[in-house]
Amino acid sequence: MKEVSSLKGAKKDIVVLFVIFIAVVILIKGTEFQTVDEYYLTHIDDISENSKTVTFSINCEKALEKSEFLNDRQRKLIGDGIILEPTEYVLRDGDTVFDMLSRVTRYNKIQMEYQGSDQNIYNSVYIQGINYLYEFDCGETAGWIYLVNGQQPENSCGNYKLSDGDVVEWVYSLELGQDVGG
Amino acid sequence: MRIHFRFYSFHPFALVVYYMAILFGSMFIVNPVVRLEALLGGVIFLSLIRKRRMVSDIWFYLILFILIWITNPLFSHNGETPLFFMNGNPVTLEAFKCGASIAAAILASIIWFASAAEIIDDEKIVYLAGRFFPRLGLTISMALRFVPRLKKDFSACENAQKTAGLLTSDSFFDRLKFKLGILMSVSAKSVESSVIISRSMRARGYGMKGSTAYSRFFLRVSDVVLAVVSLITFVAEIIAVISGKVGIEFYPSVTELPVNFMAVSTYILYGITAFLPTIIEATEYLKWKYYISKI
């Protein structure tokens with residue numbers, strides 16, 4: 001059946017298609033793409049005499065207690081449970097714990113996956129997995145938490161601002177943080 | 001048309017066991033070999049049933065496969081080989097492989113369900129459920145008939161409207177609105193007819209104590225053979241899933257394809273089961289050609 005062509009109808013289609021096009025462009029513009037080389041840092045700020053520093057470490061020794069939950073490859077990657085020995089890194093002004101973690105893992109080529117503050121109802125950054133060890137991998141109450149100077153802060157790691165000389169530990173907890181630190 | 005299929009004339013019980021074995025394996029055994037067998041067997045058998053219609057459907061299935069495949073790496077960032085980074089989270093090769101595996105499982109299930117809908121028709125469903133759950137049986141058979149019937153009513157109504165000169169706009173969205181109006185009236189009609197069906201069935205004494213059902217199904221040797229083969233595969237699948245020696249893991253890196261005794265026997269059993277309908281139809285076709293050549 002041949003229909004009488006009317007520009008009015010066809011225009012409508014074009015408008016709708018344009019709206020969809022713009023939505024797609026906004027979506028892509030809001031997403032940042034990086035190659036592997038761009039993501040991993042080859043250089044990190046050098047420590048000088050008057051620079052502020054924090055001590056940073058990543059540790060999942062607790063996961064070894066329940067290693068039967070993990071697969072062979074994960075067990076091999078974890079090794080003795082120490083992912084990053086306590087090391088001093090330069091603290092930039094206004095750095096949060098998440099900023100430091102992101103920079104340190106990028107520099108040391110450690111895998112890390114997080115949920116951004118725009119992706120959950122708490123508006124806070126959440127670390128899902130480090131070095132292929134994920135939340136819930138060792139039971140329902142297992143996951144990554146952080147300690148500053150041995151204490152467990154109540155803030156999200158994206159909101160906690162660090163100061164000079166702080167000691168930050170990222171640890172894998174089996175009991176919602178009850179089994180580690182103070 | 002489908003009445004000419006040998007597979008169509010199997011006993012309903014045997015067919016149900018067969019489809020259970022096929023669908024369980026394709027969904028729960030995470031193994032590329034099993035999923036490929038399920039997908040290939042399903043596609044070949046469905047294209048035997050649908051012939052021409054399958055050619056246009058294959059585009060839909062391909063797009064669906066790609067969509068499911070692409071979605072997984074966007075949300076799952078685990079894996080040891082990052083390809084690029086999106087908002088600071090990696091998009092990895094392992095996530096793509098896992099996505100392909102999930103897409104194959106979902107697609108295989110859709111395709112096997114499509115062939116099940118053609119092979120296990122409403123008469124077989126009423127036979128299976130009618131004795132023990134008459135209400136459920138009637139509901140399922142009506143639900144399965146719902147979509148084809150709605151399509152038929154829809155095209156009839158649409159053609160009537162077109163002849164009246166109502167559907168003239170060039171705009172896709174105008175036509176969509178128009179068709180939605182037709183859909184509303186057609187679904188209202190189908191609701192009405194379902195009430196009529198249930199009343200007329202009750203008037204005939206369906207599901208009452210002592211009422212008998214007409215059926216043409218007899219358990220033959222071939223039915224028992226099909227049921228037994230399917231059951232053996234089903235049991236092998238359950239053992240494979242529980243033992244965990246057949247499945248592979250994708251994160252953090254893809255494990256090697258298992259080639260132990262249990263895995264190989266699962267591949268062979270599942271392969272036989274998945275290609276069984278195709279093999280049956282092929283032998284029947286050859287037999288028919290052979291007999292014709294003798295006349």
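How many bridges join strand 1 of chain A to strand 1 of chain B, and in which direction do the two strands run? There are 3 bridges, and strand 1 of chain A runs antiparallel to strand 1 (residues 82-86) of chain B. Strands and helices here are DSSP runs, numbered from the N terminus, with at least two residues (E) for a strand and at least four (H or I) for a helix. Two strands pair if DSSP finds at least two bridges between them. One bridge partnership in this pair is that of F33(A) with M86(B).

A word on the model: it is predicted, so local features need pLDDT of at least 70 and side-chain atom pairs count only at pLDDT 80 or more, while totals for chains, interfaces and linings use all residues. Residues are numbered from 1 along each chain as its sequence is written, and chains are lettered from A and ligands numbered from 1 in the order in which they are written.

**Where the chains touch**

Across the interface, 28 residues of chain A are in contact with 20 residues of chain B, contact being C-beta atoms, placed from the backbone, within 7 Å. On the chain A side, the elements giving two or more residues are helix 1 (7-29), strand 1 (33-35), helix 2 (36-39), helix 4 (72-78) and strand 4 (112-115). Helix 1 of chain A gives the most, with 5 residues.

**A helix pair in chain B**

Helix 2 (residues 32-50) and helix 4 (residues 93-119) of chain B have axes that come within 9 Å and cross at roughly 35°. Each axis is a line fitted to C-alpha atoms over the stretch in contact, and angles run from 0 to 180 degrees between N-to-C directions. The crossing of these two helices of chain B is left-handed, that is, the near helix is turned anticlockwise from the far one by less than a right angle. Among the residues that meet are L39(B) and F45(B) in helix 2 of chain B, and I111(B) and W112(B) in helix 4 of chain B.

The table sets out residue classes for both contacts; Ala, Val, Leu, Ile, Met, Phe, Trp, Tyr, Cys and Pro count as nonpolar, Asp, Glu, Lys and Arg as charged, and the others, Gly among them, as polar.

| Contact | Nonpolar | Polar | Charged |
|---|---|---|---|
| Side of chain A that touches chain B | 11 residues | 11 residues | 6 residues |
| Helix 2 of chain B with helix 4 of chain B | 14 residues | 3 residues | 2 residues |

**A sheet in chain A**

Chain A has an open sheet of 3 strands in the order 4-5-6, with antiparallel pairing. Its edge strands are strand 4 and strand 6 (133-134) of chain A. In strand 6 of chain A, L133(A) stands opposite I130(A).

How values were computed. Two residues are in contact if their C-beta atoms, placed from the backbone, lie within 7 Å.
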